[in-house]
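Q: Please take a close look at one part of this model: the charged side chains and the helices around them. Keep it brisk.

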Amino acid sequence: MRQTLLYTIKKLLWTVPILVGITFLAFGLGLIARGDPATNRASADPDYIPTEAEIQALREELGLDDPVLVQYGRWMAGVVRGDLGQSLIDDKPVLGELLRLLPNTLLLSVLALAVIAVAGLAGGLLLALFRDSFLDLLGRVLLVLLMSVPGFCMAYFLIWLLAQKLHILPTSGAESLASFVMPCLAVSIGSACVVIRLLRSSLLGEMSKNYILTAQAKGLRRSQIILRHGLRNALTPSVSYVANTFGGLLGGSMITESVFSVPGIGSYALAAINNRDYIAIQGYVLFTGFAFVLTCLLADLLCAWLNPRIRLEG
């Protein structure tokens, strides 16, 4: 118990400077992507050409002429209060827009996580149980092929097959659960293939350990040895990869959400980049960075629970 507590405290302490670093990264990316927000905002109406004086007044109003450290301090003060600023395009609160779009991205991420976990666990166990058989060989070839297909190509293939040819799923939107099936498959198939390969490799590696040889000497069947003894230790690499994937999905899949017109965080970030809305970009990077770090922290703690050697070495 004491070792678990010390390991948890250590991980939490390491997380703090990472989160601080993310704030610097988010603010810095906003500066790089900035361009001239005052000009963009003043020129929002295509029928009106602003004067240089109007642009300069707007720049002073937005605080764009202040020193960088002053801007960072003002921005961080707002972040601590839960204020990520207002979009330069429509004056809507960035945090409010992220929270409004989060349910769609969260639903897509959870569905993808379920597919990755179930398919990865079942596929990895199946290939490990039938090692070096025709099924194992065929499965590994298919995995390599599916992993080689880019996500946007998979998305368009699913649209062609399931929407245009079979007419069983809608091509866009977020009105029903069926609208999330194709986006979920597009973002999860490649990751599920990686998990299958990771789990198969880890299980086969565990099969050469002494405790497995002892179980074999007791006369246990191969399936019993894998499920009762080898699986828990073999899950660690797969859990870490799934957590990283889920953390990335929480930030929204820009390409997938754009292709399927899913109103999520990824599509919001893509629109912010196209409009050079650096306030929205800063909020997006900060929000998703924190989500990713916290997800990875939970994965590390889960791996330490699955494999005591991790927390003992930590």
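A: A residue is called buried under 20% relative accessible area, exposed over 50%, and partly exposed in between (1.4 Å probe, protein chains only). By that scale, Leu-142 counts as partly exposed, because its relative accessibility is 44%. Leu-142 sits in helix α6, which covers residues 134-147. Helices here are DSSP runs (H or I, at least four residues), numbered from the N terminus.

Two notes on the source. This is a predicted model, where local features need pLDDT of at least 70, side-chain atom pairs count only at pLDDT 80 or more, and totals for chains, interfaces and linings use all residues. Residues are numbered from 1 along each chain as its sequence is written, and side-chain values use heavy atoms, leaving out hydrogens and water.

Stay with helix α6. Asp-136 belongs to this helix too. Its exposure can be set against that of Leu-142. Asp-136 has 0% relative accessibility, so it counts as buried. Leu-142, at 44%, is partly exposed. One helix, α6, thus holds both residues.

Now the charges. A salt bridge is a side-chain nitrogen of Lys or Arg within 4 Å of a carboxyl oxygen of Asp or Glu. The whole structure has five of them. Asp-136 takes part in one with Arg-140, where the closest N and O atoms are 3.6 Å apart. Both partners lie in α6, four residues apart, about one turn of the helix. Arg-140 is partly exposed, because its relative accessibility is 30%.

Asp-136 has another partner. With Arg-200 it forms a salt bridge whose closest N and O atoms are 2.9 Å apart. This pair links distant parts of the chain: Asp-136 is in helix α6, Arg-200 is in helix α8, and their positions lie 64 residues apart in sequence. Here both Asp-136 and Arg-200 are buried. Put together, Asp-136, Arg-140 and Arg-200 are linked in a network of salt bridges.

Next, the helix at the far end of that link. Helix α8 runs over residues 181-206, which makes 26 residues. The expected span of a helix is 1.5 Å times one less than its number of residues. For α8 that gives 38 Å, and its end C-alpha atoms are 35 Å apart, which agrees. The helix is also bent. At Ser-188, α8 bends by about 40° (the angle between axes fitted to the seven residues ending there and the seven starting there).

Another salt bridge lies in helix α5. The side chains of Arg-100 and Glu-97 meet at 2.8 Å, N to O. These two are three residues apart in α5 (residues 94-129), so about one helical turn separates them. Their exposure is not alike. Arg-100 is exposed, because its relative accessible area is 52%. Glu-97 is buried, because its relative accessibility is 11%.

One last contact across the sequence involves Gly-264. This glycine is in the loop between α11 (254-259) and α12 (265-274). Gly-264 is buried, because its relative accessibility is 0%. In sequence, Gly-264 and Asn-104 are 160 residues apart; in space, their C-alpha atoms are 5.5 Å apart.

To recap the close look: Asp-136 is buried, because its relative accessibility is 0%. It shares a salt-bridge network with Arg-140 and Arg-200.
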